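I sat down with this one to poke around and keep notes as I went. Here is what I looked up, entry by entry.

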Amino acid sequence: MKKKTFTTTMLTACVFVMAMGQATPPLVYNVENTGASCPAPPLPDVDELPSVVRLPNPFEWSDGSGIMTTVDQWACRRAEIKAEIEHYEIGLKPERPENITASYEEGVLTVVVTKGDKTVTLTSNVTIPEGTGPFPVIIGMNSATGSLSASYFQNCVHIPFMHNQVAAYGNGNKDLDAPFYQMYPELSSNGDYSAWAWGVSRLIDGIEMVRTELNVNMERIAVTGCSYAGKMALFAGAFDERVALTIAQESGGGGSASWRVSETLGSVEKISSTNYSWFMPALRDNFNGRVEKLPYDHHELMAMVAPRALLVLGNDGWEWMADESGYVACMGAMEVWKLMGIEDRFGFDFTGGHNHCQACDSQNDAVSRFVNRFLYGDDTEDTAITTHPYSQVNHQFWISEWADVTEPDVVLEQYWYEAESASCSTIGSDLVTTDDNAASNGKYVTVKSGLNSLDSAPDDERAIIIPVTVNNHKTFDIYFRLNCPSDNQDSFWVQIDNGDFIVHDGLNTNGEWTWVHIASPSLLAGSHTIKIAFRESGAKLDRIHLTNHSSEIPEGMGGVETDCRQPPTCTIFDFESGNIDGWTKQNPGAGIDITQEDKHSGVYALKMVNGSGTDAWSVQAFTPEVEIVSGHDYNVSFWVRAVDGEGRGRISTTGSGQLGGQYWADFNLDDEWTQVTYPNLKATGSTVQLAFDMGYVSGKTYYIDDIVFEDTTADPAPLVELQGETSWDAGEVFLNTVAESGIFGIRNIGNGTLEITNVTALSAPWATTFENGLSLTAGQVKEFTFTYRPAEETTATTDFTIHTNGGDVTIHLSGQGRAGTGIDDTDAPDIKVFSPASGKIDIYAPRNSGVKTVDMLGRILTAGEVADIPLQISLNPGVYLVLVEVGAGSYTYKTIVQ
């Protein structure tokens, strides 16, 4: 199994040996795979793969036995990467069949590949320049020179690779009748990129057979393509070492971009949203949502080209192509060429501001330099090209574990979590919250006595699950505030996201509350989960702290609790802000903007105009990212109109999650405002974006308004629950005969935050300490005092209304004045009866007071004196009277036990 443990010092030494102690590696090879005879790497099941957050080390052997130390070992290390990409992503690229013939007649190259009774026939119209030769070869994906100008290849033989002759282009629907899949029916689950890479290699086989007739130099072969064909060129050049120069133009997600890095970006091509006729469906099934399990990434796909030449071209601003991710992957791949001392054989240019697949001036200059040097042999050309707009991108984070780079400082982030905080945590039923004045918030969490889990992590009943969101990619230090009294009461199981549970033992704090460093995981910007399971009973957990600065060591009880509110249950886009900030114009068609020309409601609507395209994605507008809750059901609706009718549209989704799948059913439109609704969409992940794909009908104009995402299985709203001297059903609070004041509690029994927006004012002689603007997190209780102090002995009632975002609650107050009771104000006893938890009441009264509890039939259930304050009595759920005798006074309180 591939273990990801390495150090910068090891790599630095390795750089010296390889770069300084070896001859310059060759520019090209005369065989398809120099590592064909190398041992196969281990290819574990996905669940057995380790979680690797950052880009994996391209120099580390797949079995975790160490790192390569000489350039000569690269052939076998490259073969390991090849095997992993085949196994987990595109499927096996078959070896060369024995029966291949080639011919060149009347400007057409024909290559016939035969295996058994099946054949694949490749034909290419060849253009040969004038001159003596032998000439370099340019193989364009589906055209003579890809999407690059033929002027750069005037002195090359032009031989297009027509990929449909091997496997037809498909948009998620693979053509199993294609020649490749007929020849290799056992590879029907492959992705087309394995078939196409195989096809390019077979075309090179044929070129070699007729090289004399073509007058070609077999040591000067280049491949190029753009967009999906840019991926094709990259896979072809990476998988065939007879290719001297690979030019991958705007290859995006699944090409030069890293799968890992792309998961941290917005509307880009990710594992969840790529084309699964191009890639194996197993890539999505195994790694969607857990990309960190991939044992490689696409910096290693690019590195497979080394030590040969590679030029990567991007187009900053076309969000879907994830060029920021491509830049990070390129910086990782560059370390391989750098290690070999030949970094000028790899270059990239991510300049934007031009149309898709139309290179800008700087990119054309880069192409000219790479072609002149690596096809025409002009070693005076400067090919050290690293052009990009990403100076603020922390690429070092992704490679600093194995590359000799200095990771820049980022903004300080610190997060604090109470172990018992129900607003953030999910607390297992076998855990107990216990009072302790020395703990933060006066409480800590422990597991019930005797529940040890020494050999394996327990179920969630003994665990705390904390959702965490961070803003920057960084290593975070995790601290627990613990009180572990002995060596047998000092261990936990800890899991970060979907990683393995790790035992943390030996945390003995000798019975003192102490901050203990637990782990230093690499966390990507976004949402994460920390699961803390108790391994030994007796260990006490107070708080959890995360920081991205190792110098920030927590002290005392720590900082302010981090807000962990849930995503909204309803998100609306109505464009009334007057702009479309946060929206992405993926393919702008003939125009995307907001307008006052027409609208469903309000003042503004979204206007989308298709140009001449007839594909759904010919004009696309992506919403900003919408927060969703995995597992919940959503209804999504919007209003739309097609000018002059006969319109047609589609919704596609992207983001870290999905709603109901990548593509929703098409909808047809007329010239009237129509509401389109998609109900019962199951959510996965944490965010989603909708793409309005309105490109089916050329020249059509659409207006879109009032887009609504509604969570139909949202968590219960915040709700008020009265506690204390309360009649629960009637919402009444009783003030007894001689007690001037009473105490009641408000508890939030829903999820989310309970906001007290207003409280009805009370007029004399009534008063309360209740204030406006109160916020209660889920499960939180707040106690308040109310008083009734009339000038004479009088019985009265009044209403007291609390206005909240969980609804209004009206409390009926009933009280009797103190006149004639025989007890002076200075002698009034301080008595409170309160039900703080299920099955219990707490009684606050002067010590030695007599206390009896009586049921509603008058039966005395308990009797005794107050020794410790509060006196806690356990009772079954029900309604009770509590009689408190203080000196000559006797006081009766009605209470409810749940």
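**Entry 1: the β1-β2-β3 sheet**

I started with an open sheet of three strands, which run in the order β1-β2-β3 and pair antiparallel. The edges are β1 (99–105) and β3 (118–125); each has a single partner strand, so one side of each is left without a neighbour in the sheet. I also looked up the twist: neighbouring strands here are turned by 15° against each other on average, direction ignored. I should jot down that this is a predicted model.

Next I checked the pairing of β1 with β2 (residues 108–115), which is antiparallel over seven bridges. I picked isoleucine 100 and looked for its bridge partner in β2, which turned out to be valine 113.

What lies across this sheet? Helix α4 (residues 192–209) does, contacting β1, β2 and β3. I noted that α4 runs at about 115° to β2.

**Entry 2: backbone oddities**

I went through the backbone torsions with the usual expectation in mind. Most residues other than glycine have a negative phi, and most peptide bonds are trans.

Glutamate 106 goes against that, with phi near 50°, a positive value in a residue other than glycine. I found glutamate 106 in the loop between β1 and β2, so back at the sheet from my opening entry. Buried or exposed, this glutamate 106? Its relative accessibility is 83%, and the cut-off for exposed is over 50%, so glutamate 106 counts as exposed.

Alanine 322 also has a positive phi, near 55°. I placed alanine 322 in the loop between β8 and α10 (323–339). Its relative accessible area is 2%, and buried means under 20%, so alanine 322 is buried.

Then the cis peptides. I logged one joining glycine 133 and proline 134, with omega about 0°. Proline 134 sits in the loop between β3 and β4 (135–140). I logged another from alanine 306 to proline 307, with omega near 5°. The loop that holds proline 307 runs between α9 (298–303) and β8.

**Entry 3: helix α11**

I wanted a sanity check on helix α11 (residues 361–374). It has 14 residues, and at 1.5 Å a residue it should span 20 Å; the end C-alpha atoms are 20 Å apart, which agrees.

Which residues of α11 are buried? I got Gln363, Asn364, Ala366, Val367, Phe370, Val371, Arg373 and Phe374. I then asked what covers them, and the cover includes the strands β6 (216–226), β7 (245–249), β8 (309–313) and β9 (346–349). I had met β8 already, as it follows the loop with proline 307.

**Entry 4: glutamine 620**

I zoomed in on glutamine 620, which is found in strand β28 (residues 620–622). Its relative accessibility is 8%, so glutamine 620 counts as buried.

What does the side chain of glutamine 620 make a polar contact with? The partner is the side chain of aspartate 693, at 3.0 Å. I listed its other surroundings too, leaving out residues up to four places away in sequence: glutamine 620 touches residues including Thr584, Lys585, Gln586, Asn587, Ile592 and Met608. Ser652, Ala691 and Phe692 are also among the residues it touches.

**Entry 5: the β50-β49-β52-β53 sheet**

I then looked at an open sheet of four strands, in the order β50-β49-β52-β53, with antiparallel pairing. Its edge strands are β50 (860–865) and β53 (889–897), each pairing on one side only. The twist I noted averages 20° from one strand to the next.

Strand β49 (residues 850–855) pairs antiparallel with β50 over five bridges. I looked up glycine 850 as well, and it stands opposite glutamate 865 in β50.

**Entry 6: whole-protein numbers**

I closed with the totals. How many helices and strands does the protein have? I have twelve helices and 53 strands down. Of its 898 residues, 53% count as buried.

I also wrote down the contact range. Among contacts with a separation of 6 or more, 73% come from residues 24 or more positions apart. The protein exposes about 36100 Å², and carbon and sulfur atoms supply 46% of that.

Terms used. Residues are numbered from 1 along each chain as its sequence is written. This is a predicted model: local features need pLDDT of at least 70, side-chain atom pairs count only at pLDDT 80 or more; totals for chains, interfaces and linings use all residues. Side-chain values use heavy atoms; hydrogens and water are left out. Helices (H or I, at least four residues) and strands (E, at least two) are DSSP runs, numbered from the N terminus. Buried means under 20% relative accessible area, exposed over 50%, partly exposed in between (1.4 Å probe, protein chains only). A polar contact is a pair of N or O atoms within 3.5 Å; within protein, one must be able to donate a hydrogen and the other to accept it, and residues adjacent in sequence count only if both atoms are side-chain atoms. Contact means heavy atoms within 4.5 Å. The expected span of a helix is 1.5 Å times one less than its number of residues. Accessible areas come from the Shrake-Rupley method with a 1.4 Å probe; for residues, only the protein chains shown count as cover. Two strands pair if DSSP finds at least two bridges between them. Axes are lines fitted to C-alpha atoms, for helices over the stretch in contact, and angles run from 0 to 180 degrees between N-to-C directions.
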